[in-house]
Amino acid sequence: MRDIAVFSGTAHPDLAAEICAHLGVPLHPVRVSRFANDCLEVQLQANCRERDVFLIQPLVPPVQEHLVELLLMIDAARGASAGRITVVLPHYAYARSDKKDAPRISIGARLVADLLTSAGADRVLAMTLHSPQVHGFFSVPVDHLHALRELATHFRRYDLSNTVVVSPDLGNAKEAAAFARLLGTPVAAGAKQRFSDDLVKISAVIGDVADRDVIVLDDEIAKGSTVVELMEHLRGLKVRSIRLACTHGLFSGDALQRLSDQDGVLEIVCTNTVPIPAAKRVPKLQVLSVAPALAEATRRIHNGESVSALFA
């Protein structure tokens, strides 16, 4: 893979290094500096001319800082005559801002997609976008991976004969159904109404969960408000045990400890699309790596092979 050049911003260098280890290529250094007026400057410290450049940067807190850093990396690669620029977005934070559900509200997912393409991105490699329509906000090709295989491989270690997969809401029900098919289990879903960022109400759980082991699957867990509300309903329906699973374990504030302390929770499983500080980790947390999947997708993009074949 002589013509590939991989760079990482400061958001998640450990994941970038792991991806490069699977690819067998070096992770080239990036110099990020700050002027006295608080503006950022980025320098890619390796040759990009006519090379296939991959820029790895999840949009994690501080999101705006990492977004500007990514835009400057794209601009630097374009100015250095890169042959093609692929943005690797393990987590696209603005994907949650995907619809106009109130007057005069911004649609951040589309705006940030426009910013990335205007800066010079030729292609995007993303992992588990919040909703399918976000894919269409980009005017460049998007390869959209998911982590269901990694999660399913983990849960197949258990006896699943009395297990049901539960989606916290109907919007995630399709992904939960796909996950349930991988595990060979039934699926259920919560009927959720959101009133604010941290205030949700689940009026019912659709499906049979009584006296079953439950795996709650969501695309991301931030404050955990939805999951806590769902677990109250599940305990009221007398489930036997609860395991939580998500792709993006954001776990803002004390969310991880709060979820771990909930009655009946045996395990919390997420992937390493976002960094989880050691100080936040709890004994019930299991973090799975998506670096092999991202590395294989990167290799296939570079070689002009099918990425959709990864889901066959």
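User: Where does UniProt place the feature "domain: Ribose-phosphate pyrophosphokinase N-terminal"?

Analyst: The unreviewed UniProt entry places this feature at residues 5-120. In the model, which is predicted, the end C-alpha atoms of that span lie 16 Å apart, and the span is 34% helix and 23% strand.

User: How many disulfides does the structure hold, and how do you know that C246 and C270 are not bonded?

Analyst: The structure holds zero disulfides. A disulfide calls for two cysteine sulfur atoms within 2.5 Å, whereas the sulfur of C246 is 5.2 Å from the closest cysteine sulfur, which belongs to C270, and this is therefore too far for a bond. Seen from the other side, C270 is likewise in no disulfide, with the sulfur of C246 as its nearest cysteine sulfur at 5.2 Å.

User: Are C246 and C270 called buried or exposed, and why?

Analyst: The word buried is used for a relative accessible area under 20%. C246 has a relative accessibility of 0% and therefore counts as buried, and C270, with a relative accessible area of 0%, is buried because that value meets the cut-off.

User: What makes strand β12 largely enclosed by the rest of the structure?

Analyst: Strand β12 covers residues 213-221, and nine of its nine residues are buried, so the strand is described as largely enclosed by the rest of the structure.

User: Why are β9 and β13 each said to pair with β12, and in which sense?

Analyst: Pairing requires at least two bridges between two strands. Strand β9 (residues 163-167) and β12 share four bridges in the parallel sense, so the requirement is met; within this pairing, V166 stands opposite V216 in β12. Between β12 and strand β13 (residues 241-249) there are eight bridges, again in the parallel sense, and therefore these strands also count as paired. In that second pairing, I221 stands opposite G249 in β13.

User: Which helix does the chain pass through from β12 to β13, and what is the handedness of the crossover?

Analyst: The chain crosses from β12 through helix α6 (residues 225-236) to β13, forming a β-α-β crossover that is right-handed. This term applies because, with the strands pointing away from the viewer, the path from the first strand over the helix to the second runs clockwise.

User: Which domains does the domain assignment give, and how many residues does each bring to the contact?

Analyst: The assignment gives domain 1 (4-145) and domain 2 (148-288), whose C-alpha centres lie 28 Å apart. Twelve residues from domain 1 and 13 residues from domain 2 take part in the contact, a term that here requires heavy atoms within 4.5 Å.

Terms used
Residues numbered from 1 in each chain as written. Predicted model: local features only at pLDDT ≥ 70, side-chain atom pairs only at ≥ 80, totals over all residues. Heavy atoms only, no water. UniProt positions renumbered as here; feature names shortened; annotations may be inferred. Helix = DSSP H or I, 4+ residues; strand = E, 2+ residues; numbered from the N terminus. Buried < 20%, exposed > 50% of the residue type's maximum accessible area, 1.4 Å probe, protein only. Domains from an automatic or database assignment.
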